[in-house]
Amino acid sequence: MPEHHTPLIATIAAGLMLAFVLGLGAHRLRIQPIVGYLLAGVAVGPFTPGFTADLSLAAELAEIGVILLMFGVGLHFSLKDLLSVAHIAVPGAVGQIVVATFMGAGLAHLLGWSFAAGLVFGLALSVASTVVLIRALQERHILDTDRGRIAVGWLVVEDLAMVLALVLVPSAAVITAGDGVPPSRMVFLLLVTLAKVSLFVALMLLVGRRLIPWLMHHTAHTGSRELFRLAVYAIALGVAFGAAKLFDVSFALGAFFAGVVMGESELSQEATEEAMPLRDAFAVLFFVSVGMLLNPHVFVEAPLAVLATVGIIVLGKSIAAYLIVRLFRLPNATALTVSASLAQIGEFSFILIGLGISLSLVPAEARDLVLAGAIVSIVLNPLMFGLIDRLRPRAPQGTSPKPSDIVPTTLTGHTVLVGYGRVGSYVGAALAGPKDPCVVIETGRRAIEQARRDGAEVIEGNAARSDVLAAANLTQARRLIVTIPEAFEAGQVVEQARAAHPSLEILARAHSDATLEHLTVLGADLVVSGEREIAERMLDRLRETGA
């Protein structure tokens, strides 16, 4: 039987299968599945016995996950959102990078490395992982809150700073080698990079803002779901690749701006739904690829250096970020969220330290320290968020704790509408008016703005969270209408609402018979299935015509 040399299939199959098994085991032990994904990478990496996956292929597959993830984030963000947090994100990110870089340089000095090596090492410790930060905010349903927008804006500034660093580091290596390159050369390279980034952003805003939404609408009018899905992936990956090759912008930033531009289209919600399945699968491969890079021997050979590196990432960076946010007089909850979000490192750190080693600026052991610090900080990141939940001020006894960005409604006898997408917006527009007051619970920025234009009161947040649902005053509501398509979250909403108000009228939507039955069992009075309603309307027409 002939042997098949299929490193791509082997890497995907081994990575996903092991990630599933170990991720499921971690979940059963009440540990974040991310830990299982990282261990899967260690198991198939070059430093452990047995099967070894292709490291270069794994890294490229992981990059696709980063692209789709940032594209999805961009779909939820508008230029207005980015500009609204620029006053804190720009100085905050720059200040935190400076602090972390000098802490890293100090550790490098203690290890006997050169000043240039210390700067590169410190820069590698200063930038957070895109995947880890976004997943952490999504899991806690705070990505679309003010806290989440500040954290993402901060991340975008960090990514831009790293783009500049990747251009300047080779020049710094030449100057360090004493080849007589004048400082003006570095200034010139910096200006060229800034010009390229500015040109890319200008093209996306002036040309992409018109071209991409037009292309999506044209594709949607073909009636082919397959072509629409293909258009989403082609735009996300195409813009990211073009940005990297033509403008020296990172894949992540290119994909982010592609998402921001596509978010201007009315089809942005459909695009989000199409991007999610592949995004989640490739995001898992990102963690597997990180685990593959780790040499476990570093924990035995240099335990104190690893501990100091982790301390800079988890404590030094987070304390610096917390103090900076508080200096801008923002709430304690915002400062804690931003500090926890940034208490880890990832993909840019690996690229930067690898470049430093290839240019002989940094000793080879620096890579092991960065990788060890990355994995430990990623594992600890969920614990950091658990810690900030404990540190946040609690409400007085006898009252329900409410985050500062959730304002409860004072309406009574009202309709609570969960979701303001294609279905929810039709319902909300029909209910608009003082005779039937409506409270909309939504997370998407564009949907929130539309609901407010239609005259509804809006609560920003995920309705599956008990505090968000409680803010809608369900106990005094007239009815609840759940229009979100996700069966799991819809079930959580229905179940909590029925427990809070046993006589509340609850209406929901379903995409399948299984979902219809699921929501009915949980307490919905009426569940509408789109396919059934279409069939009923067609049959009604046939009955009217006597067919």
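**Exercises: a helix pair and a sheet**

In this predicted model, the axes of helix α1 (residues 7–28) and helix α2 (residues 33–43) come within 7 Å and cross at roughly 140°.

**Exercise 1.** Classify the angle between α1 and α2.

*Solution.* Start with the crossing angle, roughly 140°. Angles over 145 count as roughly antiparallel, and 65 to 115 as roughly perpendicular; the rest, apart from those under 35, are oblique. Therefore α1 is oblique to α2. Next, add the handedness: α1 passes α2 in a right-handed crossing.

**Exercise 2.** List the residues that make this contact, then sort them by class.

*Solution.* Take α1 to begin with: L18, A19, L22, G23 and A26 take part. Then take α2: P33, G36, Y37, L39, A40 and A43 take part. Now sort them. The contact has nine nonpolar residues, two polar ones and no charged ones.

**Exercise 3.** Trace the six-strand sheet and find its edge strands.

*Solution.* Read the order across the open sheet: β3-β2-β1-β4-β5-β6. The pairing is parallel. Look for strands that pair on one side only: these are β3 (457–460) and β6 (526–529), the edges. Neighbouring strands are turned by 20° against each other on average, direction ignored.

**Exercise 4.** Describe how β1 pairs with β2, and then find what packs on the sheet.

*Solution.* β1 (residues 415–418) and β2 (residues 438–442) pair in the parallel sense over four bridges. Pick T415: its bridge partner in β2 is C438. Now turn to helix α22 (residues 530–545), which packs on the sheet and touches β5 (505–510) and β6. The direction of α22 makes about 75° with that of β6.

Key:
Residues are numbered from 1 along each chain as its sequence is written. This is a predicted model: local features need pLDDT of at least 70, side-chain atom pairs count only at pLDDT 80 or more; totals for chains, interfaces and linings use all residues. Side-chain values use heavy atoms; hydrogens and water are left out. Axes are lines fitted to C-alpha atoms, for helices over the stretch in contact, and angles run from 0 to 180 degrees between N-to-C directions. Helices (H or I, at least four residues) and strands (E, at least two) are DSSP runs, numbered from the N terminus. A crossing is left-handed if the near helix is turned anticlockwise from the far one by less than a right angle, and right-handed if clockwise. Contact means heavy atoms within 4.5 Å. Ala, Val, Leu, Ile, Met, Phe, Trp, Tyr, Cys and Pro count as nonpolar, Asp, Glu, Lys and Arg as charged, and the others, Gly among them, as polar. Two strands pair if DSSP finds at least two bridges between them.
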